[in-house]
Each structure stands twice: as structure tokens, then as C-alpha cells.
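Visitor: I have a structure in front of me and would like to know how its descriptions are reached. Could you walk me through it?
Guide: Gladly, let's have a look together.

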Amino acid sequence: MKHRWAMAIDLDRCTGCGACVVACTAENNIPVIGEEEAAKGRLMHWIRVNRYWEEENPGARATYLPVPCQHCQRAPCEIVCPVYATYHSEDGLNAMVYNRCIGTRYCSNNCPYSVRVFNWYDYRWEKPLDEQLSPDLSVRSRGVMEKCTFCIQRIRRVKDKAAGEGRKIRDGEVQPACVQTCPPGALIFGDLEDPDSAISRLFKDPRRFRLFEHLGTEPHVVYLKRRKGAGA
Amino acid sequence: MLRSRLKAAAVASFLLLALLGAVAATAQTSQPIAYSHRVHVTNFKIDCRFCHSSATKSTSAGIPSVEKCMICHRAIAVDRPEVKKIAQYWKEKKPIPWNRVTELPDHTYFPHKRMVNAGVACLTCHPGIDQADAAIQKQEFTMGFCMDCHRKRGVSIDCWTCHV
Amino acid sequence: MLDRRNFLKLGGATAFAVLFGGCDSIPRKIIPFVIPPEDYTLGESSWYASGCRQCPAGCGIVVRVSEGRAKKVEGNPLHPVNRGKLCARGQAALQALYHPERLAQPLALDGPRGSGRHRKISWQEALSLLMGGLKKAKERPASLLMLTEPMRGHEGLVAGRFMQAFGSPNRLAWDPFGQDAFLDGCAAAYGARQIPELDIANTRYLLSFSGDFLETWISPVHYARAYGAMRQDRPTVRGKLVHFGARLSMTAAAADLYLPAAPGTEGLVALGIAHVLVREKLTPQAAQAPASWKKGLEKYSPGAVAAKSGVSADTLAAVAREFASNQPGLAVAGTAAGSCTNGKFQHVAVGLLNVLAGNVGKEGGVLFPDRTAEFSRYGREARLLAPDPGSGYPELRAAMERMRKGEFRMALLAGASNPAFTIPPALKFSEALLSVPFVVSFASFLDETSSLSDLILPAPTFLEAWGDDIAPAGHEGEAVTLLQPVVDTFRDTRSMPDVLIAAARELGGEAARALPWGSFKECLEKAYGGPGGPMEKYLQEGGIFRGRKSSVGRLPRAPAKGNLPELEEATFDGDPAKYPLVLHLYPSIALYDGRGANLSWLQELPDPVTTAVWRNWVEIHPETARKLGLSDGDGVIVSSPAGKIEAHVAFHPGIAQGVASMPLGQGHGKFGRNAEGRGGNPFALLPAAAQAGCAGFPLQSTRIALEKTSMKTRLVRTAHPEGQWKIGNVM
């Protein structure tokens, strides 16, 4: 069964609350680094919420833009990895193999979206916080690059379940942690191979745009512009 | 599935299956009870899945509970010294601290249920276990070993199939 | 253990074999169960339904449990409040459960009172100390004080009955973000003193008056879900959001139109809109408004309102017309409007807009379901299970006076609202509490309040406890949430209701008759028909959800004619010459009132507006900063007539000049490593004097001055302090 996973982010719904960030942290064994390391720009979050200011009061506006890995079809990170630690998976995902990574950080340097994060240390989970660690995926060690996987473990869980029940995966059945928790429903996830899926429709929405479209990276994340106006 | 904890008994503490390193293939590990796979599997023709009952429904094949041992050994071979040890654990309501024999390499996801339900025989990956008096890992789980089989069966060889 | 990098350094197959051979010499055990629990498959996880207690919103959750450990919290898709969704604070509940600093054993004072020095004792000793105190207090029953956060469900019943049977009327609940002004406003505007259901999802035009319904107000996940639906769920309608307020908050950022208004003038702006509605007869209800309203509203012309609020007259009139022509519309006021000294007036004035638009009791407007119907069988005791979500501030002030007079012999404290942190220090809560001879806390952590106690009884987190809950908003009276221990507690804890039930049994007599159960679990089983009864199903689903009722709830009686609210102006403590800036305080979206400050996931969550982490700050307009000679990131002493704290300056282009704002939640002196030393506590700036006419806890009630100082710390932000590059560049 072929899949092409993709995400849509509706900026008309996004409120910037950060629930996605903490849900991702809980799901993906993401370490807490502390204030000092954060000051060096080393936050390990796989999804961040950018905030943009425009103008000053009166007339100030703020816009939020959640940015996970864009899972580019033509990914700039993949072509620079000397050891093939980052590659394109058969489901169209931009995958990262920790076993192979030797920490050159070329990929992160070449990522226009700055969504790759690097393990500068072996981060520790003080006991008993380690009890919370997910058994579905590894805890990355020092010197390894990591990034959003579209919650590959959750995709796999659904694949396993569907295979066990001998059926196809239903639209909306796969939900990465960020999509699952998003209170206003701004994040939508699905399979572009399924022409009837919600995500396939949203990829044709007139409000759609992609980040840095001119770079030709062909992201699997599409954004839907905020709309203006009252009533209708 | 949502479950109620009204009935559920206390979940005993359980060591997570620590995924550590590769393994040297030949070292024999001593066990608290001299359990023989040969006697159970070859002589008495007990299906592997009778004891390793979660192999068809979980990532882990599972180690039988003391209760499960006692289903048979309440009546069978009760005078054998090794079986008496089981009875002792049962009497004290203590789990048997088996030593790990089979190791899965680091950063690897191996769901037993996917293999077993696809009809891969247990002996494919655990050769000779049916003849072993003491459990021993004869087949080292190198990536080549896994990939050979995946290629032959035409299943996914995507990195993320096994490595997360 | 060998890692990959060393392996690469070594290279070669020989080194590989040798090193891994060494690795294997460490024996590793695999331990099977003696008796496997029912329904248990090794290696597969189960999901258990329960309820969230990270804030008072009362969302439903499901928790993924693998090998007896909780791994992930998600919203319960069946729960009407949050329908599967959950906020950052709810997601972080796991960190409280597995917190390294959790109390594992009862503690008794070991040093002078208030020193915070304790020694570990056994539960047996702890309970005998507790009983000793209770028996002594029993000689004069009214000398027992109970101070908790508002308790809902049967926990409230147990606590309420215990105090009643004990003979003490002194049971207080403290919530710094209580809804006193909103409740009073609803009573005056709609004739119903309850939290109405705001039907944001079905509205076409939402007017927010310093609303913070997307951040922390009452039921943020429920409102955010409705907000998403208002925007994009209807094929041809997209609801518009207009926000008035002194600060561009996260909710304001979501608005299509953000109109800065001076602090405390939200109600005035609402009267200005009402003026236009009535003058131009824009809605049927406005056209039929009583003569006294027409006359009363005359003085609030957009021009007059503009002079005081700063919202331009033309814009105000345009918004009023748009609001009238896009019905159903909805007007909502939030924390900042309601916690001014004129909070009640502001809520009444905003409620007037819903009345004039004819949206009371209508879809897309304000609805009044009877949310306590589920508990009506308890008669008068129903209030114990579903109390008003007020702050309890006036009662607490009065009780502190009585503490100082020595009227209390013993105090029982519980809950996360941490009065020693959230009551302004100028009121000297700690001193008052220490004049009670014997103070007992039920707590999971040592914080400012529990560390003052003579006896601390370790309590389970909500993920390890039995309970039930009724949410203050987000359902139509058909939902009760059930909480169950999703994991077995691995600390030696006992819940407050369990201890109270045991204490009542020991006291005997009336107390034992009032709490006739063996445990709190048994109390819930009696109430919901478990085990073997319907409770089994309720627990599986996470509660009792009866589905939407046919009616939208009882309609309140029409507001009294001629009941036009009289304008009240907000007052701010301090001389404007000495304290030039009005202080705007708001609950932090991550830390709430400070209860989240010990969780590192929340400390490391960038604030939506400043993108700051791990520390607090004071937001000012760049122009204000220029006038004061301050730069972004500078350390400043923030001083009010009541107190002084330190903070870092964060430029905020979307805040009114002459206003400074600070998030609440940081500034802990005693709440563990993650929380301590993160800057000053802004609660310390609030005045001690009672604010005349103020309905609740006045968060917006002081002016401040900023003075540059040198600080060793720095404010860490994920975005560049001068702002991100323009959004147009990435689109």
C-alpha cells in the first residue's frame, strides 16, 4: 500500500497556543535543555510556533506560524548528508536514521526552515521522569541530528492495526501528536494518495501556500492563509 | 480501546525490555531454573505460542507468567527438582528472574506480531531453540540477516520500517 | 556503553567484536508477572479515560499506559468539553506525575514554625498528629479552618460534609482567577447568576473585550475548539473576531481587527457600541429599548467614548453596525476586563450588547443550561458538588483577620491555588497563617504554602486518584467527568477525601455518620453504581455524557427594564506622577497562576507573544521604553506602592503606551528547582487595601514605575527581540 503523508496548517484557525509543541515533546522523547542552552538557540522542539509582528500600536498585528519539518519532496537536507543518514522514505517522508548519523550538521545547515535540531549533549531524564519515555522510539544520544517524523510511530501503529484487521487506513485515522491535540483544529493530516481524503482537498484549497515556495523544495506541508472579512 | 481500571489488578512493575547493544552469539547464560526448550517443544510438541502468548498480538513475544507454568506443573512432573523451584516461586508469589538471552540491536523496532502473523516460523530467527536444553541465541540479528528475509519476501526495506 | 561516535573513531571489525563482547557481560533480567492482570498484553499499551485537573476547566482525558507507566495524555474524544483536544498544560500533567521532587512521605515540622524545615515521618505518626489536632480543635469546633482551591464533585461533598459535621462553618475556597465579576455581571445583565454557555462556534460576529478565552479563561480548550469552528467549519460563513483591549494578547492576535483601548475602559466601549445600536435602531431589540435606556445611553456617543478609551469614534460606530448586521453575534469580556476594580460594571455593559442584539438564549449567543442537574438529587448539598467559580477573596480577607486574632486552632490546606504565593505579600498571608497553632497541608509538592505547614500529608496527583468533576463550561448539563487512577501510585500518598473519611470515622458520632464510606472510591461507587453497575461503563468512557438535550437550557428572566449599568471607572493604586504606568497582569498560558512553574516542559514552552522561556518579563511599548531610556532585555526594578520586584524588559509593539504588562506564574521562592529563581512574583505588586466596589480579586489595580538596574540574568527568547522578519517574506 503506497502512501504519501502530508499536513495542512490552517492559519485561520491557529491561535498560537503551543499545545502542539508540548504534545510533540511528550510523544517523541524530546529533551528539556534548560535556560542556558536555550539562550544558545538550541531548543530541541520538533515543531515551533513562529510569531511575526507587523506595525506598532495602534494598528499592531501578530501572526502565528507553526513550523514542523516540511517533509520536502526535493529536500535540501538529504543531498548533503555524507552518510545517507537522512533520506526519502517510501511514504514520501523525509526520514532520519539515528544509527547512521555522524553529526556533521550539514543537513541542518542546508535546511531553509531551520527545523532540524542537534543533540549537543546526552540529555538526561532525572528519575523517575524517565518512566514517561515512550517505548516506541529511541532516546537520541549526543552527536545525533533529529527532527519531526510526522510521528512515524503513530503512523506505524495505525498501519499495524489496519493490516491486522485486513482493511485500508481510514482518512483521519493517522494523527501525529500535534494534529491530535490542536484545540482549534488548525492542523490536518492525511494521505495524498487517497484522492478523497481531506488533505487532498486542502492541497487544492485556494488559500494554500507553501513556505519559501520559490526555493522549489516542494514541501509536504501546506499552509492555508488567514481570511479577512466579516460574516461571509 | 478505553478500559476501566475497576477490575484490573495491580500492574506489577516490569522491566522495560532494555534495548542495548548487539550480542555475542555463543555465550550461554545461566538461568534461575534449568528450563529446557527441547523437552517442551520437541518432546511434548507444545506450540511456542502457548507460552509466548503475546507473539501474535504484541511487539513482544512475552515470557510466561509463573501462573502459566503452574497450569501444567501443578500436576505434571511435580517431583522434579527444577519444577519444585517453580512451585516455590509460586508459593512465594514471586516472579522468576530469567536472564535475557536474545538481544535486539539498538534503535530497532521489531514487532513479533507482524512476523508471526505473516507466517514467519519462530525457528527462522530462533534456530535450534527447539533442540536446546539451555536457551541460547544462535542467530545474531545483523541487519543483513533481516534484510535478506525482507528482500526475499518482498516486504518494505525502508529504513524507518525498523529504525526510529 | 559504546556509542556510535566512539565506534566510528575506533573503526574496524575487530574492535567491534571485542567491545560488544564486553558489553554483554552485564547480566540483564527479564521478569515476567506472577499472575498477569486481566486484559493485559505484554508490550501493548492501554488507554484509560479520566479527567484533567491542571486547571479548573475540567477537560476529559485519555492516558496511554504501557507496562504500568503513563506515557501520553490526550483529550477524550467523547468528552463534550474538549472533544479529544488538550492544551499544553494538560499535556504536561505527566511531568507532575513523574516529578523527581514529589513528596513521597508525610513530613512534620523540624525547626521553628515557618522555617520550611521538615523531617520524614510515617503515615501512622502523621495520622495520629492529625487526629490529635482535630480532637483539640473539636473542643471549639469553629476553630477549624479549611482553605482549598474550589473543590468540585464528591471531593467537595466529602470536604463540605466533614466541616459541617465537625461543626465549623469556616470552609474557604481560593482561586485568584475566580469569576466573581462575571457571575455578578450575568446576574445583573441576564438575571441568571451562573457561567453561561458562550456559543462561539455558531456566532457570526464575536466582540472580545480583553477576552482571553483562547488562553486561560474558564475553558480555553473548549473555546479554542469553538473558535476554529467559527472560522472554518461552516461552508459559507466565517465568523469575525474584533478585540478591544490594552494589550495585544494571543486572543487579540487571532482577531481580524484589534483595537487598543485604555485599561479599564472595556465597559465604556461596550456602552459606546450600545449607544450606536440604540440610536440607529440597528436591531429589533435596540429599536424597542426602553426610554430610560435611550436616555441613559445618550452620553456614551462614540466621540465621548473615544476621548477616554482611545478607540476612534468612526471605527467604533463601524464595528457597531457590522455587529448588528452579522447576527447572531456575541460579546465576551475576559480576565483583564473583569479583574479591574470596575469589573462587574464591565461585564454588565458587555452583557448589555448581547441583550440589545437579542442573542440571549439563542444559538450563536449566550445560553443558560442547568449544569448542576446531574447533582440535583443532593438537594441543598448540590452546591457542595458544583460551587460557584468565585475567587473567595473577600471571605479569605475576612478569615485572615480572624487568623490574626487567634480564632483558629487548626487549618487544613489543600489544592494548587497556593495562597502564600498568589495572595499579595502586602496582605501578609504567611504571617496570618502562622498565627494558627496547627497547620496541615495536603500537597504533592513543597510550595510556598505547604512548606509553612506543621504537617504535610503527601497527596496523589490526579492521574493516580479517584474523583469526579463537573466542568464550569462547555456542556449543557449533561456531562460528569469521572477520574480514575490510570497508574498505581508509586509514592506513599493518600488523597484528601480518603484522609477526611478516615478521620471522620475516628472522630465518630455525627462526622462518622456524615461520611459513611470506607474510602473515597467507595463513596464514588455508591454514587455511580459501580462495580458491576453502570460505573464500569462510565469509567470506560470517562464520565456520563448524556448527549445534547433538546432545549438550549432555561432562559433567564428578561433583564429588568431601566436597569442600565451606571458607568464606573477603574481605579489604579498609586500617584501617576510617581508611578507613570498602569500595570496589566494576565495569567501565563503555560504556568496559569503559577501551578505549572515546576514543570520543565511548560517552562521551556515559548510564550506566544514574547517567545520568552524560563523567566518572567515586563512588556512595554518601544516608545514607552525610549521615553524611559530602556532597551529591550534591560533589567528593571518594577515598583508599585505595595512592592518591588525585578524583571527584564521585553518590547511589545502591541501594547498601549502608558501600560506595562506582566504574566503571572513566575517568581516562586519555594516550588522546586524548575520554578525557583526565575524573577519576581508580580502578585507582590498588588495593593493590600480592599478595593471598594470590586467584586473579586483585583488583578488590574495598580500603577508601577520602572527603574533600570543591572541583572545577572538575561531574558531568553526564541524569536529575535526586534521581531521576526515580515510574514510576507515567507508566504
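Guide: Let's begin with a rule: two residues are in contact if their C-beta atoms, placed from the backbone, lie within 7 Å. Please keep in mind that this is a predicted model.

Visitor: Then what makes C:V618 a residue with contacts, leaving aside its neighbours within four places in sequence?
Guide: By that 7 Å rule, C:V618 is in contact with C:V636, C:V638, C:A647, C:V649, C:A650, C:A660, C:M662 and C:L706. C:V618 is also among the residues with the most contacts inside the largest nonpolar core, alongside C:A270, C:I273 and C:A411. That core has 311 residues, and its largest share, 9 residues, comes from helix α10 (residues 266-279) of chain C.

Visitor: How do you know where this core lies relative to domain 1 and domain 2 of chain C?
Guide: Look at who contributes: domain 1 (180-367) and domain 2 (581-730) of chain C both give residues to the core, so it lies between them.

Visitor: Why is C:L433 called what it is, buried or exposed?
Guide: A residue is buried if 20 or more other C-beta atoms lie within 10 Å of its own. C:L433 has 25 such neighbours, so it counts as buried. You will find C:L433 in helix α20 (residues 429-434) of chain C, and beyond residues up to four places away in sequence it touches C:M403, C:A411, C:V439 and C:L452.

Visitor: Which residues of the two domains of chain C make up their contact, and how many are there?
Guide: The contact takes 22 residues from domain 1 of chain C and 23 residues from domain 2 of chain C. On the domain 1 side, α7(C) gives the most, with 3 residues. The residues of that side divide into 9 nonpolar, 7 polar and 6 charged. The centres of the two domains, taken over C-alpha atoms, are 27 Å apart.

Visitor: What makes up the contact between chain C and chain A?
Guide: It takes 71 residues from chain C and 64 residues from chain A. The largest share of the chain C side, 7 residues, comes from α8(C). That side divides into 37 nonpolar, 15 polar and 19 charged residues.

Visitor: And how many residues of chain B score at least 70 in pLDDT, as a percentage?
Guide: The share is 83%, and chain B averages a pLDDT of 81. Over residues 5-26 of chain B, however, the pLDDT is below 50. Where pLDDT is low, the predicted coordinates should not be read in detail.

Notes:
Residues numbered from 1 in each chain as written. Chains lettered and ligands numbered in written order. Predicted model: local features only at pLDDT ≥ 70, side-chain atom pairs only at ≥ 80, totals over all residues. pLDDT = per-residue confidence, 0-100. Core = buried A, V, L, I, M, F, W, Y, C linked by C-beta atoms within 7 Å. Buried ≥ 20, exposed ≤ 12 C-beta atoms within 10 Å, placed from the backbone. Helix = DSSP H or I, 4+ residues; strand = E, 2+ residues; numbered from the N terminus. Domains from an automatic or database assignment. Nonpolar A, V, L, I, M, F, W, Y, C, P; charged D, E, K, R; others polar.
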